[in-house]
Amino acid sequence: MQKNKNLTPFYAVMLTLFLIFSVVSIGVFFRYNRLAIRENAKDTIQITLDREQSHFENTIELQYEYLEGIADYLGKSTNLITEDSLRLINNVAEKSSLDLIALIDSEGTAYYSNGSVRDLSEREYFQTSMSGERSLSEPVESKVDGTTRVIFSVPILHEEEVVGVLGGSYDISALGDMLINEIYEGSGQFLIVSQDEDGTVISQSGTELFDLDTGDSLTQIYKGFRSVTTTSDGKKESFSVSKWIEDLENGVTRLITLAEATESYYCYYEPLGVSNWMLCYIVNVEDAHASYSQFTYYETRLFQVLAIGVLVVLLIILVVTFRKQKNLVHFAETDALTGICNKKTAEEYIKLWLADEACDGTQVFLMLDVDHFKEVNDVYGHAVGDIVLSAIGNGLREIFRDTDIIGRLGGDEFGVFMKNATPEMAVEKAEMVCQMVRSIKVDSQPSFKTSCSIGVSLFPQHAKNFMDLYQKADKALYISKNSGRNQFTLYDIRTME
């Protein structure tokens, strides 16, 4: 009788092959997972910077409209330089975000809100506005007080004839404050640079990752890195400083990676849409990937248990796969702090609804921003700030219908989309939200009080698509904040267009 063959070597070989296959397969899986993390981080940067660019452009537009409203009033009189007009610009300068306001006659003599008088006839922005156009100057050093400023100027018309110019100045350091800087909890460095071969720094805000002063060249940070790369058609390639200079001169949008021995940075830049300026954002790669750190943890755990045996490996693979899918779904759709939709998911749901046949009649979009939220974090601590944000998320779920789309757009900004609503419902709900935020209490801080500002826009009355609806609500929100906060504003085409 023939003896049974010893199958142990066969099982050993198969087990070895299975382990090798498992290790290679999981290694490949996590490699592409890490690539996906990098791509998601880059997408987040691009989407946020696009929003910052739009917000900045809208803010600049509002400054022009503010000056033009004053210019319209001044142009009603044939006598431009009067005690009343000088008193008016002085009052406006004291109550607005503009540092100085100048009333300039047709000869170029400027009467400043602080009482100074200068000849500005050779200034390019004066000449541009005298030709009937708006103008935003390059940074100039003020001879009035020695600070570096940018000048907004608009023509003053009397019976359709330019009779003078109204100018308002911003301290150059205040430009960066127009950027919200909510990405990655404010850990990156925002820069406004000129679109020239040097990429001259005009203003900056956020975390100072690189020591750059106003007037420095952005490209000077290139030296010192062992590699600078960009991605083209999915492939990584080297990136030279001459190519960077060419990008800045031509207003090209690009994301590059700066790597040294211990640190790596993403640097993203794009045209700002205002004057001849570029918006640049630099963030530590580790900070950009921080929200995906759980994947590294699971990867390490998985490779540790592979040595235990096939059964344990299979079990771990199943557990990790299940948890990974669950975490990915949760991460993709839900804001962890408030439990409501995150920005990306809320936008997708809104766009899907606007394209749905059931979308009928008026749709309402409310944009909510907590007043002085940075001061809440600075004075009471981030723990109290988190309590406020969580309470707002809970309060919004109680106020609005289950069918409405509620999302956290970033930082202390929330958005609510009311399906098939009415303008009256929008006003009623906005009042309820303001009251809800004012009623938030923090047990550890009995004296704590907060409020919010709200912008409301309607579809299709005010907008043709979601992005337009978003921008109209953002503009109305700015009006609420600029009018004293703790209130809501319904977008008005007649006064805000």
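Me: In this predicted model, is Ser-187 buried or exposed, and what is its relative accessible area?
Reply: A residue counts as buried when its relative accessible area is under 20%. Ser-187 satisfies that cut-off and is therefore buried, with a relative accessible area of 15%.

Me: Where is Ser-187 placed, and which residues does it touch, leaving aside those up to four places away in sequence?
Reply: Ser-187 belongs to the loop that runs between β7 (161-171) and β8 (189-194). When residues up to four places away in sequence are not counted, the residues that Ser-187 touches are Thr-207, Leu-209, Val-283 and Asp-287.

Me: Is Ser-113 buried or exposed, and what is its relative accessible area?
Reply: Ser-113 is found in the loop between β2 (109-112) and β3 (117-119). Residues up to four places away in sequence aside, Ser-113 touches Ile-89, Asn-90, Ala-93, Leu-100 and Ile-101. Because the cut-off for buried is under 20%, Ser-113 is buried, its relative accessible area being 10%.

Me: What separates the C-alpha atoms of Ser-113 and Leu-86?
Reply: Along the chain, Ser-113 and Leu-86 are 27 residues apart. In the model, the separation between their C-alpha atoms is 6.8 Å.

Me: Which strands stand at the edges of the open sheet of 6 strands?
Reply: The sheet has mixed pairing and follows the order β15-β17-β18-β16-β19-β20. The two edge strands each have a single partner strand, so one side of each is left without a neighbour in the sheet; they are β15 (341-342) and β20 (487-490).

Me: Which residue in β20 is the bridge partner of Ile-454?
Reply: Strand β19 (residues 452-459) pairs with β20 in the parallel sense, over 4 bridges. The bridge partner of Ile-454 in β20 is Phe-488.

Terms used. Residues are numbered from 1 along each chain as its sequence is written. This is a predicted model: local features need pLDDT of at least 70, side-chain atom pairs count only at pLDDT 80 or more; totals for chains, interfaces and linings use all residues. Side-chain values use heavy atoms; hydrogens and water are left out. Buried means under 20% relative accessible area, exposed over 50%, partly exposed in between (1.4 Å probe, protein chains only). Contact means heavy atoms within 4.5 Å. Two strands pair if DSSP finds at least two bridges between them.
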